[in-house]
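These are my notebook entries on a single model. I record what I looked up, entry by entry.

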Amino acid sequence: MYQLNEKNECIIANYQTASPFSSFLPGIAGLKGIPLWSFYVNRGQAIASFGIENKDGAIAEFFPADKAYQFTPLQGFRTFLKVTRNGNTKHLEPFGVPNAAGNETMKIGMNHIELTYENPEEKVAVHVRYYILPNAPIGALVREVRMTNANAEPIQLELADGLAAILPAGITNAGYKEIGNTLKSWFDVKTVDNRFNFYHLRGSTEDTEDVKEIHSGNFYASLIDDEKAAIIYDRDLIFGHDQTLRTPQHFLHHNVNEIKLEAQIPTNKSSGGFTLWGDEVASGQTITLQTLVGYGKDEATIASFLEQHFNAAFLDASSLTAQTLTAELTAAIQTKTADSRFDSYARQSYLDNGLRGGFPTVHSHDGKHKTYYVYSRKHGDLERDYNFFSTSPTYYSQGNGNYRDINQNRRMDVFFTPEVGDDNLHHFMELIQLDGYNPLVIKKVRYTFNGDSTLFLTQAADNQKLVRFFQQPFEPGELLAFLKENNITLNSSFEAYLAFVLSESTENLEADHGEGFWIDHWTYNTDLIESYLSLYPDKKQELFFERPYKYYQNKAFVEPRAKKHIKHGERFRQFHAVRHGENETSQWVQTPDNQPPTTTLYAKLVLLTAVKAATIAPFGYGIAMEAGKPGWNDSLNGLPGLFGASTSELYELKRLMTIINAVDGPVTLPIEATRLLDKLQAHFETMTTDDQAFWDRTTTLLENYRADIYHGLSGEWSTLAAKPLLAAITKRVDEAVTAVEAYNGDGLLPTYFYFDKEADHFSAHAVTPFLEGIVKKMKVTANPVEARQLYEAVRKSEIFDRKLNMYKTSTPLTDEPIELGRAKFFTRGWLENESVFLHMSYKYLLEILKSGLYEEFYEDSQTMLIPNLDPAVYGRSILENSSFIASSANPDPSIHGKGFVARLSGSTVEFLEMWVRMFIGETPFTYTDQLGFQLRPVLHQGLFQEDGTVQFKLFGAIDVTYVNETKQNTYGKDGVRPVRYTLTYLDDHEIAVEGEWVDDQGARAIRNKEVKSIRVTLA
């Protein structure tokens, strides 16, 4: 039923009878295109919903997955045929009733999907292809339908093909769900110039005094064999009175030429869009239908575009461009091994990782560089129906996201685009607050232009227009649209102009508190530091001390214990931990002179470690969930109310301490912060027992500090010596780690604790073991023997799913209190309750690799990496990740091993780091007095091709070929190592370097991409 073809497209035979799944087109329209979001299912003609920007811009109504499986065959795209042969007429609906006298397949590509239908009895074949229109000023879904007469004689064919339900622009998702019948009073449609249907509202629908006209609209347009086709919008001319949309009653009883002439009703009803055609089709002849369904800001914009570009040649070229877009984006991870599934999976993972974290574009002008991310969006889809995703309907499109999601998905970007440098670290560390937390919601990046607007213009008169435009912060896409709309011409390419503008602009980070303070968000910055130093170890001092960092000013504040430790029934609970207030005039902390204070990364990290050390829970049992939210595992939402704590963040604090303990320098901070640091240092240094009194004093110091900073800074600064302070913090953290590791004795390490509070006394309880804590422990375990002991303990535990040979999120939660969170109420083996949560299981697989357990890594990869799974069990393309896999703990055996919730998760970046460590090694660059470069691959012998080679892209640009004549592993005591590097520079001259290392000059040439290929001999 499932197979991969030579193009590594996933083909599913009889897809409508396969286990249901949902996925999406990537919504990439090019830097100079307007993207649409588009979701599909393996039911009907696939497309379940699509639209502009978010759910409130739906063209085809958004439904959660369970309903999309039901409604797509009815409300989605439909094809109705009347086939007349030898005087007999047969009615067909390809892709209607599954397998009704027809063979159906679905083909899934990186940026397209295709459906085929073959009716052996009537000898009619239908081929459908979908993709998002690229590089256009309007957003549109392209649907290509090719119908072929495979009979030996001609047939008479009538067809009605189209979308059964099209919404007008401007309808909110929630509004239509609640009062859809009433909202139809505003609906209107018209056919413009016999070219396209325009679906619009006659005016605003809100019950307010501000009444507006609506100019935007959705549209439907079609060609048949490159000729303008007859189109209708009144779906009653297809279905008659069958409001269920099951049977095309009117079409079945009327000739298409009659239907074309019938009057249509455009108002007070739901409309569709159908293309009508009828004629003789010769034997072997193919009829080609090309349809655009999309959105335009007004009727004129749509009309202008269609007049100039709506033809078969343009659409054929657009189809190729759509494929090229994703091929070019994923070329940065191009890989060629003996396993083509792995190679294709790497590209798909890179694509999906960028769809959540964004793809970096680097703009350079006059020695200045600016990084701008495109194509990102919050991970919302048919199965993640709870998330309100957004894809900006602009050129150079960017989207919304959460701090954790974007941060973690960008952590490997510097390996694929080294020019990114420390930009991401600066972006996310600036959002760290003085109290140690950060905003959740990351909004679009905008810029304020500070340069000379007259440069690059061909007409001086255009300068005043640009002066007005630059009075407000802008996005790059808005700048391009403004130039187009105002016919402003440049004496250079737009790309060169944009690089100039950005080089003379200030980046405005826009964020919002969102839903709360999670305790794990700060930890992902450590990953960014490690990645940066892997490529730029020679810039360590510059990283920590030269670039200024501000502090984010939030609208929310952590309450002291007196406000959040409350009596709830007969017990104490920690509720209402955060209060919300009015923000300052700036989103950055300011001193009395209205200036945002700045410090160094090093000073900011020192303060952060101290604040986090001050939040260590009673008895040292992890980092307290003191601000109302848990950590990575969102489903433990009740744990903060139980005074919960997590050991994961404690180990992350230990990891960060290792990094900053290797750095030395001054720490200059606002005096409110240095007062806290001085007191914490003295307090930690005099610690004798980790009892409740010690915790109480620590928390009091932290609460007093927060009271100071929440009332505003004095403007005074102070400098202190870091080393004694860091020694005291390290002592505190190490003692807490010791307490955690002693708690369960020889049992698995606890990840979470909760506490009972009686008066002022706490008693601790460890939650059943989770895989997460093991992962974090392995991160700070340098001893391979200890790592192997942890690995073996997990294999023997109930975390290991012996049926699937995978790792679950935890052991059973059966005996845990119901207040733990929604995970307790989820079905076992589903979501965060004992499923195989791909992100965490991939984190664990990565740590197995990083710990040097290479044989174990490759053994587990056979049953854990998605491309190695049986697609019939996994239930979808094995090139695409899922959020989780139902484990054998689930009561339904039929879904054991099946993937649910498509693609966009942190699992993609975990795989990217695995890929980097497999093909490149942990730290390709080292620095003492000179820079050095070394590849240290960890490749299994089975990955080498017949000729003993493996090929991959280094830093997104350099072609690397490993030559392994003996085809041995590159690890272990008998493993082969690099013994010779042959560097080919951009000007084609070659340099051969003997040995395992490339020295300073060659290393810098490689990092600067002055080398185009490297041939590495392994022996």
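Are Y858 and Y971 buried or exposed? I noted first that the model is predicted. I then found that Y858 is buried, and that Y971 is buried as well.

**Entry: aromatic pairs**

I looked up the aromatic pairs and obtained a count of 70. I examined F684 and F694, whose ring centres lie 6.2 Å apart with the planes at 40°, so I entered the pair as tilted. This pair links distant parts of the chain, with F684 in helix α20 (residues 671-685) and F694 in helix α21 (residues 692-710), 10 residues apart. I recorded both F684 and F694 as buried.

I turned next to the rings of Y858 and Y971. Their centres are 5.8 Å apart and their planes stand at 10°; the pair is therefore stacked. Here too distant parts of the chain are linked: Y858 belongs to helix α26 (residues 854-864), while Y971 lies in the loop between β47 (958-963) and β48 (978-985), 113 residues apart.

I also looked for aromatic clusters. One of them is formed by F342, Y345, Y350, F359, Y375, F416, F911, W915, F919, F952 and Y962.

**Entry: charges over rings**

Which ring does the charged end of K612 sit over? I found it over the ring of Y437, 4.1 Å from the ring centre. I noted in addition that R903 lies over the face of F24, at 4.0 Å from the centre of that ring.

**Entry: helix α8**

I traced helix α8 over residues 340-357, which makes 18 residues. From first C-alpha to last it reaches 26 Å, close to the 26 Å expected at 1.5 Å a residue. Why did I describe α8 as largely enclosed by the rest of the structure? I did so because 15 of its 18 residues are buried.

I then checked both ends of α8. At its start, a side-chain oxygen of D339 comes to within 3.1 Å of the backbone nitrogen of R341. Just after the helix, G358 adopts a positive phi of about 95°.

**Entry: cavities**

I counted 12 cavities of 30 Å³ or more. For the largest cavity I noted a volume of about 210 Å³. Its lining comprises 23 residues, and Q574, A624, E626, W695 and T699 are those nearest its centre. The elements that give two or more residues to this lining are α17 (561-564) and α21. I recorded α21 as giving the most, with five residues.

Key:
Residues are numbered from 1 along each chain as its sequence is written. This is a predicted model: local features need pLDDT of at least 70, side-chain atom pairs count only at pLDDT 80 or more; totals for chains, interfaces and linings use all residues. Side-chain values use heavy atoms; hydrogens and water are left out. Helices (H or I, at least four residues) and strands (E, at least two) are DSSP runs, numbered from the N terminus. The expected span of a helix is 1.5 Å times one less than its number of residues. Buried means under 20% relative accessible area, exposed over 50%, partly exposed in between (1.4 Å probe, protein chains only). A polar contact is a pair of N or O atoms within 3.5 Å; within protein, one must be able to donate a hydrogen and the other to accept it, and residues adjacent in sequence count only if both atoms are side-chain atoms. Rings of Phe, Tyr and Trp (its six-membered ring) pair if their centres lie within 6.5 Å; planes under 30 degrees apart count as stacked, over 60 as edge-to-face and the rest as tilted. A charge sits over a ring if NZ of Lys or CZ of Arg is within 6 Å of the ring centre and within 35 degrees of the ring normal. On a 1 Å grid over the protein atoms alone, a cavity is a set of points where a 1.4 Å probe fits but cannot get out, and a pocket is an open set with protein on both sides within 12 Å along at least five of seven lines; lining residues have an atom within 4 Å of a point. Grid points are joined across faces, edges and corners, and a volume is the space filled by probe spheres set on the points.
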